[in-house]
Amino acid sequence: MSNATSEKIPVNVYGGPTTLIEYGGLRFVTDPTFDPPGEYLMPLPGDHKLVKTEPAPVTAADLGPVDAVLLSHDGHDDNLDHAGRALLAEVPVVFTTVSGAGRLGGNAQGLAFWQTAELKRPDGGTVTITGLPARHGPEGCEPISGDVVGFMLTAGDLPSVYVSGDNANLEHVKEIAEEFAPVDTAILFLGGARMDFAFDGALLTLDSALGAEAARILGARRVVPAHYDSWAHFQEGRNEIEAAFTEAGLAGRLDFAR
């Protein structure tokens, strides 16, 4: 882990999975989604849709300059919508899955699990971006749900920031903790996403209780929940998150960053 400090890394959550992280003088956006409410057909047999229920509180233009996008996966509209795709062309680099980089082309750079990349900071230092394990559903889901990657931001003089992506697997969290714990800020995609037609209703992302356990495993000083609102397939929201973290004795670590 990088040297821990008391500095609080600026993070803002803008609905769904979209956050802005200001780190080492660089500005990172996760899974950009800025479309208005609406429906998105899913690339599956049957009439299955993702339904966005709330508008984003900002537009991509409102964010100002962005140095990099951390895109956990490109295959689902709740992680990359039409306006989000338009943003990708405006930023210097998009870090995502290896398969996603092949589909997106251009400025997309794939990171395999544990692979690293570096970005130069304005002050002459560097930020290291590490691709981390994630699984978007139960074991064996990848051929249907697709590849997903999480991220860790580290620098020698800054506290670490973890972005889970759409991960439902605590075993991956344990692997990440072995390498990086304690983590300073963990941006956890929660919401307990489930769909009746997918994997017998199994979790597609962490629910609130698993999120609290992930925070404990990571030794996270601060937990910023994301991807728990604005879409119909989320089963749990802010109230459930607060209740689960309170029950786990971790309520003081929550930062909704809204």
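These questions and answers look at Ser72 and helix H4 in a predicted model.

Q: Between which strand and which helix is the loop that holds Ser72?
A: Ser72 does not stand alone in the chain's layout; its loop has an element on either side. Those elements are strand S6 (68-70) and helix H1 (82-88).

Q: Is Ser72 buried or exposed?
A: Buried means under 20% relative accessible area. Ser72 has 1% relative accessibility, so Ser72 counts as buried.

Q: Which side chains make polar contacts with the side chain of Ser72?
A: One polar contact, of 2.8 Å, joins Ser72 to the side chain of His73. Another, of 2.6 Å, involves the side chain of Asp31. The partners are therefore His73 and Asp31.

Q: Where do the buried residues of H4 lie on the helix?
A: Helix H4 covers residues 170-180, and its buried residues are Leu170, His172, Val173, Ile176, Ala177 and Phe180. Seen down the helix axis, they fall within an arc of 145 degrees, so they line one face of H4.

Q: Which residues are exposed on the other side of H4?
A: The buried residues line one face of the helix. On the other side, the exposed residues are Glu178 and Glu179.

Q: Which helix is included in what covers the buried residues of H4?
A: The cover includes strands S10 (126-132), S11 (150-155) and S12 (158-163). It also includes a helix, H5 (208-218).

Q: Which residue caps the N-terminal end of H4?
A: A side-chain oxygen of the capping residue lies 3.0 Å from the backbone nitrogen of Glu171. That capping residue is Asn169.

How values were computed
Residues numbered from 1 in each chain as written. Predicted model: local features only at pLDDT ≥ 70, side-chain atom pairs only at ≥ 80, totals over all residues. Heavy atoms only, no water. Helix = DSSP H or I, 4+ residues; strand = E, 2+ residues; numbered from the N terminus. Buried < 20%, exposed > 50% of the residue type's maximum accessible area, 1.4 Å probe, protein only. Polar contact = N/O pair within 3.5 Å; in protein donor to acceptor, adjacent residues only side chain to side chain. Arc of directions from axis to C-beta. Contact = heavy atoms within 4.5 Å.
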